[in-house]
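Biologist: Please show me the sequence and the model, and then let us discuss the sheet, the core and the cysteines.

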Amino acid sequence: MVDSEKLSIFVIMKIFLDDLRTVGMSHNPLKGLGNVTDFVIVRNDEDFINLVDKHFNEIELVSFDHDLACFRDGVEFTGKTACEYLIDKCLETGKRFPD
């Protein structure tokens with residue numbers, strides 16, 4: 001579940017999509033992505049889709065994990081699937097793809 005209180009303070013959103021890892025395990029301020037506490041952590045496909053649908057215009061950056069261990073009706077939702085969903089939203093709206 002995504003922390004909705006944390007979302008309310010974001011004007012620009014950074015999403016960390018990963019089923020297991022923390023932001024600090026993958027990123028640090030020296031990589032130029034900002035503070036690890038600046039990310040909204042998303043653990044599954046349903047939360048990712050809901051977050052993108054509700055906050056699409058606020059998304060600045062997305063960190064995608066590949067193997068999310070999310071399955072629905074025998075079909076796996078991966079980081080690639082999430083990226084394709086975001087690309088489709090960009091094409092629908094004409095918005096530039098987030099970093």
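Biologist: What is the order of the strands in the open sheet of three strands?

Modeller: This is a predicted model, in which local features need pLDDT of at least 70, side-chain atom pairs count only at pLDDT 80 or more, and totals for chains, interfaces and linings use all residues. Residues are numbered from 1 along each chain as its sequence is written, and side-chain values use heavy atoms, without hydrogens and water. Strands are DSSP runs of at least two residues (E), helices of at least four (H or I), numbered from the N terminus, and two strands pair if DSSP finds at least two bridges between them. E2 and E3 each have a single partner strand and so stand at the edges; with parallel pairing, the order is E2-E1-E3.

Biologist: Which strands does H3 touch as it packs on the sheet?

Modeller: Contact means heavy atoms within 4.5 Å. The direction of H3 makes about 165 degrees with that of E1 (axes are lines fitted to C-alpha atoms, for helices over the stretch in contact; angles run from 0 to 180 degrees between N-to-C directions). The strands touched by H3 are E1, E2 and E3.

Biologist: Why is Cys83 in no disulfide?

Modeller: A disulfide is a pair of cysteine sulfur atoms within 2.5 Å. Cys83 is partly exposed at 22% relative accessible area, whereas Cys90 is buried at 7% (buried is under 20%, exposed over 50%, partly exposed in between; 1.4 Å probe, protein chains only). The sulfur of Cys90 is too far from that of Cys83 for a bond, because the distance is 8.9 Å.
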